[in-house]
Amino acid sequence: MMPQHMLHLGHARVAALNLGTIAADLAEWLGVPRAEWGVSTPLFARLQPVPVQAALISVPGAAILVDACDPADLATLEPPPGYRPPPGLADQLAALGLHPADITHVVVTHLHADHYNGLVRAEGGAYAALCPNARHLVGRADWLAAQAAIADPATLAHRALAPIARAGLLELVDGARDLGGGVSVLPAPGETPGHQIVRLRAGGQSLFCLGDLYHHPLEVERPEWLVNWADPAATRASRAALLPEILAGDALVLATHIAGFGRLRQAGARLRWVPA
């Protein structure tokens, strides 16, 4: 099964991997009272299917995975009615001609479960890194905040993150980090204190893997609507820092929970998410 969304930028190939779907109550997520629903009422009146995507960036000498969700594990969280998980991450990599051992870097945008629960695989009654040769880059602030959960054997954080640290594959990131080949990790706190994104520059173009900087096109069009668990000031500051480069270069963007690649375009006084 090939990815539904794939593109080439100069020397780079980028695939958006569909790793599942969750059912979102957008009114609750964004804290929008019924009196303000307006033309968005159809989106707020019922649960909306929201994708969970990872990205694979292939450049000469490196294969970089951005986030890692386990579709089977995701199905136990908030699946829509009749949900059937897509193929797992290893199978989707195989469809692209790669084995998990070929991955050189895994960038975890932040430590929410749907971004890291696919980092490991079961092996002999224990768990081991799915990508055993990859450096796993995690924002230091998120790692420090998760220490109690990682130390608790009953938690998902312990199951999925502790094996990465034990294997010596963990790299904690403060600020920007150059991965080579035109790929950089950039801080973008707000969703979590250690939230980070990935920028690719190749072939005279740019692509940003935004993680959870935005969760739905409504957040692009209505920036006053923010998910209720994020830090509003930090989120707005991260967006303000990144938007000038994204808009000036008409960059491609990929967000975990917005299907496929898109672009951010000015529409009067507001922005719009336009599918690419």
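Which residues line the largest cavity? That is where I began in this predicted model.

**Entry 1: the largest cavity.** I looked for enclosed spaces and found 2 cavities of 30 Å³ or more. The largest has a volume of about 70 Å³. I listed its lining as Gln53, Ala54, Ala55, Val66, Asp67, Thr109, Cys209, Leu210, Gly211, Leu254, Ala255 and Thr256. Then I checked which elements give two or more residues to this lining, and they are β3 (48–59), β13 and β14. By class, I have 7 nonpolar, 4 polar and 1 charged residues around the largest cavity.

**Entry 2: the strands behind it.** Since β13 and β14 both turned up in that lining, I followed them next. Strand β13 covers residues 205–211 and β14 covers residues 252–255, and I see them pair in the parallel sense over 4 bridges. Within this pair, I noted Leu207 opposite Leu252 in β14.

**Entry 3: the sheet.** I then traced the open sheet of 7 strands, which runs in the order β10-β11-β12-β13-β14-β15-β16 with mixed pairing. At its edges I have β10 (177–180) and β16 (270–275), each pairing on one side only. Ignoring direction, I get an average turn of 30° between neighbouring strands of this sheet.

**Entry 4: the second cavity.** How much space lies in the second largest cavity? I wrote down about 40 Å³. Its lining is Glu191, Asp212, Leu213, His215, Glu219, Leu226, Val227, Ala230, Thr235 and Arg239. I sorted these residues into 4 nonpolar, 2 polar and 4 charged.

Note on methods
Residues numbered from 1 in each chain as written. Predicted model: local features only at pLDDT ≥ 70, side-chain atom pairs only at ≥ 80, totals over all residues. Heavy atoms only, no water. Pairing = 2+ DSSP bridges. Axes fitted to C-alpha atoms, helices over the stretch in contact; angles between N-to-C directions. 1 Å grid on protein atoms, 1.4 Å probe; cavity = no way out; pocket = protein on both sides within 12 Å on 5 of 7 lines; lining within 4 Å. Points joined across faces, edges and corners; volume = space filled by probe spheres on them. Nonpolar A, V, L, I, M, F, W, Y, C, P; charged D, E, K, R; others polar.
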